[in-house]
Amino acid sequence: MPEVLVLVDHDGEHVNKATYELLAAARRMGDPAAVVVGTPGTATRLRESLARHGATSVHAAESTDAAEFLVTPAVDALELAVRETAAAAVLVSATTDGREVAGRLAARLDAGLLVDAVDLDSSGVVTQIVFGGSYTVRSHVTHGIPVIAVRPGAFEPEEHPVEAGERKLALPPIAPAASARITARRAAPAGDRPGLTEATVVVSGGRGVAGADGFKVVEELADALGGAVGASRAAVDAGYYPHQYQVGQTGKTVSPQLYIALGISGAIQHLAGMQTSRTILAVNKDPEAPILGLADYGVVGDLFSVAPQLTREMAARRA
Ligand code: FAD
């Protein structure tokens, strides 16, 4: 079976859940091979958990300054791995960084790029969401090795224990003048909340939340469900919640098991970032709000009445 390269998303100690999803997707096309970019020793630390999720080999692209640069080390590592193996495809997560890596890699390899993949089969046919979520199409790459950016949440992570050998990739020295150096990192999600793109439940607030204080109601419901907090662009632009939590075309793409929209109208740019969620619950006081047309469950009502009731109900069930 040919190798299918998977770029590992990690914090140096733990593998991000989205990578396990990629390994499950990769297994449909061949033998998943993990590419770990990091400081020396990272691949060895992560190897066991990668092997438990089906990675048959781990390519270690390590250097002391790998974590200091934005996407260049990952692009260099994947290019090297492609040139040194007869890989059938490259999979990365369709996060902000992942999209950047995928685009640059495809350009370097003169290869076809498919983004926002939500399904794929053994022959390399990919189902992808295009034009801001207006269409779902099936595509395949006809030129070069397919570079595929997969939406987080589109695949279920699977335990599939195998033996994983480790192989070193000799990363070329990074030319600082030609690479973006990281000068500050975004803050980790508040408290114990899961990351937005990782969470199985996301509770988002919109302009209807009517202020930064109003987001307390959103956070309380998210915490009662063990979920992450998101926000519409209108809420972010109004300063109710930080930009890093924005969901939508110009924010994060999420695909949780449950997405709860509180006071969000359902503009196409917001739907582009959440419409592949497994189940959608919307609370809106306007019965004509477009989001109610998409939602699996719609509640016409005041979010400041409905959300706290849900929070109390969840707390009562836990007790
Ligand atoms: P509104 O459209 O103002 O809706 C607020 C809703 O809250 C209304 O439906 C109202 O009925 C309801 N409401 C009010 N009070 C209550 C209450 N007490 N209880 C219950 N319901 C209540 N938007 C994004 O979200 N993400 C993006 O990434 C994004 N990217 C964009 C990119 C471009 C190029 C452009 C042009 C726009 C983008 N937008 C994006 C903006 C998008 O078009 C909408 O303006 C935005 O999504 C609206 O946010 P909203 O639903 O919170 O606000």
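**Note on the ligand site and selected residues**

1. By class, the shell around the ligand is made up of six nonpolar, 14 polar and five charged residues. The structure is a predicted model, and the points below should be read with that in mind. Of the 25 residues around the ligand, the ones that come nearest are Arg207, Ser232, Thr250, Ser265 and Asn284.

2. Where in the protein does the ligand sit? The space that the ligand takes is the second largest pocket. Three helices each supply at least two residues of the shell around the ligand, namely helix H6 (233-237), helix H7 (268-271) and helix H9 (303-318).

3. Three side chains can be followed to oxygen atoms of the ligand, and a student may like to find each of them in the structure above. Arg207, which is among the residues that come nearest to the ligand, has a polar side-chain atom 2.7 Å from an oxygen atom of the ligand. For His270, the distance from a polar side-chain atom to an oxygen atom of the ligand is 2.8 Å, and for Gln246 the corresponding distance is 2.9 Å. As for cover, the ligand on its own has 990 Å² of accessible area, and the protein covers 75% of it.

4. Away from the ligand, consider Glu21, whose place is in helix H1 (residues 17-26). Is Glu21 buried or exposed? Glu21 has a relative accessible area of 5%, and because a value under 20% counts as buried, Glu21 is placed in the buried class. A polar atom of the Glu21 side chain lies 2.6 Å from the backbone nitrogen of Gly153, a pairing that involves the backbone of Gly153 and the side chain of Glu21.

5. Ser139 belongs to strand E7 (residues 135-139), and with a relative accessible area of 15% this serine is buried. Which residue does the side chain of Ser139 meet in a polar contact? The partner is Gln128, and the contact between the two side chains has a length of 2.7 Å.

6. Thr44 lies in helix H2 (residues 42-52) and has a relative accessible area of 47%, so Thr44 is classed as partly exposed, the class between buried, which is under 20%, and exposed, which is over 50%. The side chains of Thr44 and Glu166 are joined by a polar contact of 3.3 Å. Thr44 can also be related to Ala60, since the two are 16 residues apart in sequence, while their C-alpha atoms are 8.3 Å apart in space.

7. Two residues deserve a look for their backbone angles. Asp116 has a phi near 55°, which is a positive value in a residue other than glycine, and Ala210, likewise not a glycine, has a positive phi of about 65°. As to their settings, Asp116 lies in strand E5 (residues 113-120), whereas Ala210 is found in the loop between strand E10 (201-205) and helix H5 (215-224). Asp116 counts as buried because its relative accessibility is 10%, while Ala210 counts as exposed because its relative accessibility is 59%.

Definitions and conventions: Residues are numbered from 1 along each chain as its sequence is written. This is a predicted model: local features need pLDDT of at least 70, side-chain atom pairs count only at pLDDT 80 or more; totals for chains, interfaces and linings use all residues. Side-chain values use heavy atoms; hydrogens and water are left out. A residue is near a molecule or strand if one of its heavy atoms lies within 4 Å of it. A polar contact is a pair of N or O atoms within 3.5 Å; within protein, one must be able to donate a hydrogen and the other to accept it, and residues adjacent in sequence count only if both atoms are side-chain atoms. Accessible areas come from the Shrake-Rupley method with a 1.4 Å probe; for residues, only the protein chains shown count as cover. On a 1 Å grid over the protein atoms alone, a cavity is a set of points where a 1.4 Å probe fits but cannot get out, and a pocket is an open set with protein on both sides within 12 Å along at least five of seven lines; lining residues have an atom within 4 Å of a point. A molecule sits in a cavity or pocket if more than half of its atoms lie within 2 Å of its grid points. Helices (H or I, at least four residues) and strands (E, at least two) are DSSP runs, numbered from the N terminus. Ala, Val, Leu, Ile, Met, Phe, Trp, Tyr, Cys and Pro count as nonpolar, Asp, Glu, Lys and Arg as charged, and the others, Gly among them, as polar. Buried means under 20% relative accessible area, exposed over 50%, partly exposed in between (1.4 Å probe, protein chains only).
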